[in-house]
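This report concerns the contacts between chains, the contacts between domains and one sheet of the entry shown below.

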2 protein chains.
Amino acid sequence: MFKVPEHQVAGHIAIDGKLGPLIDDSGRFYKPLQDDGRGSKELNFYKSFSSDIRVPDNIRKFFPVFYGTQLLEASDGSGLLPHIILQDLTSDRLNPSIMDVKIGSRTWYPEASDAYIQKCLEKDRATTTVSLGFRIAGLQIYESKESGFWKPARKEVQSFTVDSVRSVLRKFVSSNVSVGSDVNPDCSFASRVYGGSAGILEQLLELKEWFEDQTLYHFHSCSLLILFDKQSLLEGRTPVAEVKLIDFAHVLEGKGIIDHNFLGGLCSLIKFVSEILSSLKESSIKSGSTES
Amino acid sequence: MFKVPEHQVAGHIAIDGKLGPLIDDSGRFYKPLQDDGRGSKELNFYKSFSSDIRVPDNIRKFFPVFYGTQLLEASDGSGLLPHIILQDLTSDRLNPSIMDVKIGSRTWYPEASDAYIQKCLEKDRATTTVSLGFRIAGLQIYESKESGFWKPARKEVQSFTVDSVRSVLRKFVSSNVSVGSDVNPDCSFASRVYGGSAGILEQLLELKEWFEDQTLYHFHSCSLLILFDKQSLLEGRTPVAEVKLIDFAHVLEGKGIIDHNFLGGLCSLIKFVSEILSSLKESSIKSGSTES
C-alpha cells in the first residue's frame, strides 16, 4: 500500500492531485521521475554514486540507500510513471523533528542557461542562501501530544531572515517551543541532539572533512536533512540524530575541483550549530551548573 | 622620492598618466584614495582592523601594516590627493615571484545594486571565479637574469581557464618555466615554497582556521598575494614565502556570519596547492628518491 509521506517538509507533495513521492510500509520512499530531465539526472546520480568505489564507507551513511526504479501509479493520477526507490528516512521515527537545509550560497551552476541562473539568483538573494550560504527549505518540530507539530507554511519558510534561521536552529532543540510564542528557546536538548560524539555537529564535521578533499561531485541545490526522534527524547531515551543528503537533480561532476560552494555553506551551518553548543557551556558555567 | 612599484602585478598602475599607487625607499606603499567611495571604504577597513582587538595576533601578519594617510601628488598629475600608507610588501625582495589571487566564488555582495551585481557576475562567470572559487588577477614569475620575468598581460590573465590556473600554480614553483614553453612544469621548488612548516600551504591553513571561526569581516573581492624571493631560491638560500591579504575596498561587517564565500574559495586554492605537493611525493616514491 502506497501512501503520502507523513513527514515530508519540503519539495513537491503528493496531495490535491499533485505529483509527489510516495512511501510504503516496508521503509521505502518512491520519488517520481520528473520529466523535465531532472528526474533522470537524479537517477543517474544515484546509479553512479552507489557504485562509485572512490566514495569512502563512512560517507555512504549520509546518503539514502538506493534500490533502483519501479513503475508506479503516479500520485497525480496520470498513470504509470517510473519512480526512484530510496530508503524512507523517517520510517522508523516516532514524531521526528526535521529540518531541510539547502546548502550553498548559490543554487545555480556555471553551465546553466542565463534564464535559469537569473531565476535561481533571484531566489538565492531573496532568501538567506547568499547571506548565510544556506537556507531552510522546510521544517517540522514536534512539540507534544497536545500541540502536535510546528510546521510553518512554505511561504513563511521562504521569508526566513538570518534572525529567523538563528532562532529556528535554537527552537529545533528546545523544550519551550510553541507556535507564535516569543519565549527565548531554552535549547535544553541541544547537547543531546547537536552535541555528543554521535550528534549532529560531529556528523557535519565528518562531512566537512570529506568536502575539503572530494572532487568527484558538485552538489548544487542539494539539501541536508537533519532529523531526530523527538518522541524518544521526550520520553527520556537517547534520540538518534541523523544528517542525510537529499535531492540530487543538479549534481555535476567535480572535475578535480572541490565543491567550495557546498563546503562554504556547510561551514557556515557548522558555525551556527557550534555557537548554540558553546552558548550552553557558557551559561552553565555562569550558573555554576555542571550539566549542559 | 616616490616611484611606481616595480612588482605590482594587478590593479591600477601609475603609468601613462594614470592614477596608481607609489612607493618610496623606506618600504612604504602609498595607495591613492579612489574618489568613488572605494578609497574611503578601504581606509575605514584599515582603521577598524588595525585597532580591532578581536583579531588574533597570529592573523595580523597576513595583513599589510597600516601607517595612516598622507597627502601626495597623485601619479596622474591631478594634484594633491590623500593616499593610504601601507607596508610595501615587496621592498625587501630580490626578483620576487608573485601571484595575486582574488578569493571567493562571487566578488559582489548582497547589499550591492543590481547593476553592480550583474557586472561582477558577468566577470565572475567569464573567469574561474565561479568554477574554482578564486581567480588569478595577475602574476609575475622570475625566470633568470637572461629572461627576466614572465608577466602575462592583463587580457591573457583574464582569459585563464581552470587548466591555465592549474598550470600557473605549478609554473610558479618550477625551474623549467619559460615563456611560451610547453614543457611540463617540474615543480622542483614546490616543497621549498608551498611545503614546509613556514611554507605557503601552512600559512593558507592557518588563515583557513581563522576563517572557519571569524564572523567580524566579509572580504568581498579581496586578494591573496602569494610571493617569495625567487632570487634567493636560485642562489640556494631558503626563500621567504609569504601570504598576504590585500584590497579591502569591499569589506563589510560579518554580523555574526562566517565569510563562507572567502572560506570556500580558500579551501579550493588549498586543495590545488596540496595536490601539487602530494603529486611530488608520489613521483619521488615511484622514482625511489627520498628527496621531494
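The text below treats the domains of chain A, then its sheet, then the interface with chain B.

This is a predicted model, in which local features need pLDDT of at least 70 and side-chain atom pairs count only at pLDDT 80 or more, while totals for chains, interfaces and linings use all residues. Residues are numbered from 1 along each chain as its sequence is written, chains are lettered from A and ligands numbered from 1 in the order in which they are written, and side-chain values use heavy atoms, with hydrogens and water left out.

**Domains of chain A**

Chain A is divided into domain 1 (2-87) and domain 2 (96-289), with bounds that come from an automatic or database domain assignment. The C-alpha centres of these two domains lie 22 Å apart. In domain 1 of chain A, H7(A), V9(A) and F62(A) supply 31% of the area that this domain buries against domain 2 of chain A, more than any other three residues. Buried area is the accessible area (1.4 Å probe) that two parts lose on being put together, summed over both.

Between the two domains, one salt bridge (a side-chain nitrogen of Lys or Arg within 4 Å of a carboxyl oxygen of Asp or Glu) joins K31(A) to D247(A), with the closest N and O atoms 2.9 Å apart. On the side of domain 1 of chain A that touches domain 2 of chain A, the elements that give two or more residues are α1 (38-50) and α2 (57-60) of chain A. Of these, α1(A) gives the most, with seven residues. Helices (H or I, at least four residues) and strands (E, at least two) are DSSP runs, numbered from the N terminus.

**The sheet of chain A**

Four strands of chain A form an open, antiparallel sheet in the order β1-β2-β4-β3; two strands pair if DSSP finds at least two bridges between them. β1 (22-23) and β3 (66-73) of chain A stand at the edges with a single partner strand each, so one side of each is left without a neighbour in the sheet. Strand β2 (residues 28-32) of chain A runs antiparallel to strand β4 (residues 80-87) of chain A, and five bridges join the two. Y30(A) stands opposite I85(A) in β4(A).

**The interface of chain A and chain B**

The two interfaces are set out together here; contact means heavy atoms within 4.5 Å, and a polar contact is a pair of N or O atoms within 3.5 Å, where within protein one must be able to donate a hydrogen and the other to accept it, and residues adjacent in sequence count only if both atoms are side-chain atoms.

| Quantity | Chain A and chain B | Domain 1 and domain 2 of chain A |
|---|---|---|
| Residues in contact | 32 residues of chain A with 32 residues of chain B | 26 residues of domain 1 with 27 residues of domain 2 |
| Buried area | about 2,500 Å² | about 2,300 Å² |
| Share from carbon and sulfur atoms | 56% | 62% |
| Salt bridges | six salt bridges | two salt bridges |
| Polar contacts (both residues at pLDDT 80 or more) | 15 residue pairs | 12 residue pairs |

Eight residues, the largest share of the side of chain A that touches chain B, come from α10(A). R125(A), H260(A) and K271(A) lose the most area to chain B in chain A, together 22% of what that side buries. R125(A) also meets D114(B) in a salt bridge between side chains (3.0 Å, N to O).
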